[in-house]
There are 2 protein chains.
Amino acid sequence: MKKILLLALVLPFLASAQFTEDSIFIKKISDDVLTNGKAYDLLHSLTKKIGGRLAGSPQFAQAVQWGKTVMKELGADTVYLQETMVPHWVRGNGDKVMITEENGKTKNITLDALALGNSLGGNVTASVIAVKDFTELERRKDEVKGKIVFYNYPFNPTYIVPSRAYAESGVYRRNGPSRAAKYGAVGVLIRSLTEATDNNPHTGATAYNDSFPKIPCAALGLADAERLWVMCQSSTVKVAIHTHAQFLPDTIGHNVVAELKGTEQPDHYITVGGHLDSWDVNEGAHDDGAGVVHTIEVMRVLKALGYRPRHTIRFVLFANEENGLRGGEKYATMAKEKNEQHIFALESDEGGFTPRGFGVTAPIASLQKIQSWLPLLKPYGTETISAGGGGADIGPLARNLKTPLAGFIPDNQRYFDVHHARSDVFENVNKRELHLGAVNMAGLIYLVDKYGL
Amino acid sequence: MKKILLLALVLPFLASAQFTEDSIFIKKISDDVLTNGKAYDLLHSLTKKIGGRLAGSPQFAQAVQWGKTVMKELGADTVYLQETMVPHWVRGNGDKVMITEENGKTKNITLDALALGNSLGGNVTASVIAVKDFTELERRKDEVKGKIVFYNYPFNPTYIVPSRAYAESGVYRRNGPSRAAKYGAVGVLIRSLTEATDNNPHTGATAYNDSFPKIPCAALGLADAERLWVMCQSSTVKVAIHTHAQFLPDTIGHNVVAELKGTEQPDHYITVGGHLDSWDVNEGAHDDGAGVVHTIEVMRVLKALGYRPRHTIRFVLFANEENGLRGGEKYATMAKEKNEQHIFALESDEGGFTPRGFGVTAPIASLQKIQSWLPLLKPYGTETISAGGGGADIGPLARNLKTPLAGFIPDNQRYFDVHHARSDVFENVNKRELHLGAVNMAGLIYLVDKYGL
């Protein structure tokens, strides 16, 4: 009885002393990142010295060396490359989409367009059938043969979380070309997956169905999509699509892996990562330069504060998220082959915006444990820790090893304005917002490392 | 007994039916603002057609007419102007700050500088005494006579809420000049109140103490402040300040007031507002074009949805927040003179960023009532409704009439990058973020109107 009473008295005290200790350490993380953080400067060098870096490109190879060098310099215990074959898609020069005829009259109106990622080039000129969605396509399937199908499916502005709109309209980019080719279409145009107020087209991977012809396909900026849509309502419109994309043979790519060695359980791993590749048309600043420099900054600050982790923490810059996911697959395959114990993985791949929380995919007990830390992270912007979330690159870890996952969730109201568009450049990333993301991520990693899951 | 039981059964049901009804109406507000909202387009016309609009300027007079016309067109029951005298400070052309000598050697290094608002122009060339804060000034007060004092007080990056850093360093802008003049300084330079990564100087009002000479004073961009600071550590540096600001006689300005007439208590008022004036050097996009178009958008959407308010809702574009507050004072004075009942006032003056909540200054019962609505606003971004807050223009209402106040709190990590600098332009406002602010404000106004306080 006495012992239990004592325990009951002591536990809250311990809990509170622990809380204080953790809260002091996370404040140190925050102060250091906001004062000495390198994430913004690193993002500058990645985006401005290297720029767009699709898997297989020379720029991606440069980025691998950049990541290796940077993480060594910042004091990783070890840095190594993890080789994997990656697809080698090249856009070729000069995607071109033009309105060539309206009601039989010759026109010469260039639309701003980008071929969809993983699509194959082609030169077609044909009448346009403009549809608002797949339902309309199915209803009018008999009109499709020999035509260019234009999907003008809007990015729903009423969803408060824009990624919901992305998920909904994303099927037009992924499946639109083959669903149109099935009925004999010779080309496809889509309205870009965005609400941006500019006219930048947004690329991103399409996924051909091998059963149908692999027809050329491109995304239009919003102003041009609107223009074409309106024109098609009252006119017969002919459009020419000229794209030059092709797949070269698969080539060698690498994940960059840095480690801070665990002092107590070095064979138990915590992974923090983002993807090093980006689309070819921009600087990949938010997608996913931000995740890359978040990852490196978490390592930098833990090292700078002299933190000695209990578990081994891996900082991984993944290859090929955008058009193949081979980096993430490789990482999980290797982990399984080596029979590694992975207790947690965190990815940042939703941009370098002001933090709002984390999404966690884990057994309920682990989720609740993470949620119990909310008061420690709340002062730095983490408002919610919700069920569900992770990241494309760490997904295979969960599938292969049942690793609990978390995804960093920033405020992403601006994300789809720049996502996969030419405008995803360094200038559209804010230093404080970027650094605050690293603060919250480092805080979470510290807590997972200290208390386990 | 039976009645009480019935009531106990019915009340939660009513509460829940009410909750559902409110939640449906707020969803309608959100859908309408995010689909048909005019705030972004209005901000474009205010910032691009009129631009900077300091009280007393021709541009401010144009903005008054603009506001009147816009609110009439959007269906206000009445729109009228409320006249008040406003200060008429003019910068004059070409603020200039130059390093003219280093250790006796002639130099010609121009620093990017802006005279502080409400300061008087002057031409002085003198040695610089660079201090980090008032403590150092006091310690070295005997060295100050005949010199230019340069305060290099930093904007503390470790505060998660940047307005805390603003409050702390703001005293150097407001009181720095007179505190230096007291010891015989002939001019003052300050480090701009920002953490921005560019070199833009940030103006803003200073407040001379009439007991001391009104010496010229200007703010330096961060890169130039750093440069001057470093130079002063090892060299004797002379600087020339040339500013040309003056006060012309007070002139006529106006608040623009639009009303939606109350159907049940037309003589009880709810105020929503932002300030129409801005500094002269920029477009006043976030400060406070955003608050202006938030205010108009709240009116637009309530009107568009056919909402008939119980109380009279006033939509007020205040004059002269930046350098005098005469508009807010006038509004409260008139309210008191007419013995008006003001049940609530809400201001938006922290920028057009993604919403995070509201700060409320009200009796505890009113605060708790507002906080009980959090679940209704949370889906739209309101994370917290906290004690304390309001706005400069509605402050006098609280002082004169004890009106409960609220201030809209957006995520303001980027605010002080542009605040009072040339970079506060339309291009730095994001459409979705701006419109989401209006959604949350309109939701709150609807709830206050429906349930009272």
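## Working through the sheet of chain B and its contact with chain A

In this predicted model, helix H5 (residues 162-181) of chain B lies across strand S6 (148-151), strand S7 (187-191) and strand S8 (217-220) of chain B, at about 150° to S7(B).

**Exercise 1.** Find the strands of chain B that stand at the edges of the open sheet, and explain why one side of each is left without a neighbour.

*Solution.* Begin with the strand order: the eight strands of this open sheet run S3-S2-S9-S5-S6-S7-S8-S4 in chain B, and the pairing is mixed. Next, look at the edges, where strand S3 (105-111) and strand S4 (113-115) of chain B each have a single partner strand, so one side of each has no neighbour in the sheet. From one strand to the next, the twist averages 30°.

**Exercise 2.** Describe how strand S2 of chain B is joined to S3(B).

*Solution.* Take strand S2 (residues 96-102) of chain B: five bridges join it to S3(B), and the two run antiparallel. Then pick out a facing pair: B:Glu102 is opposite B:Lys105 in S3(B).

**Exercise 3.** Work out which strands of chain B helix H6 lies across.

*Solution.* Start from helix H6 (residues 222-234) of chain B, which lies across S2, S3, strand S5 (122-131), S6, S7, S8 and strand S9 (237-243) of chain B. Then check the direction: H6 runs at about 65° to S5(B).

**Exercise 4.** Describe the side of chain B that touches chain A.

*Solution.* First count: 22 residues of chain B and 22 residues of chain A take part in the contact. Second, name the elements giving two or more residues on the chain B side: helix H1 (2-36) and helix H13 (431-451) of chain B. Finally, sort the residues of that side: six are nonpolar, eight polar and eight charged.

Terms used. Residues numbered from 1 in each chain as written. Chains lettered and ligands numbered in written order. Predicted model: local features only at pLDDT ≥ 70, side-chain atom pairs only at ≥ 80, totals over all residues. Pairing = 2+ DSSP bridges. Helix = DSSP H or I, 4+ residues; strand = E, 2+ residues; numbered from the N terminus. Axes fitted to C-alpha atoms, helices over the stretch in contact; angles between N-to-C directions. Contact = placed C-beta atoms within 7 Å. Nonpolar A, V, L, I, M, F, W, Y, C, P; charged D, E, K, R; others polar.
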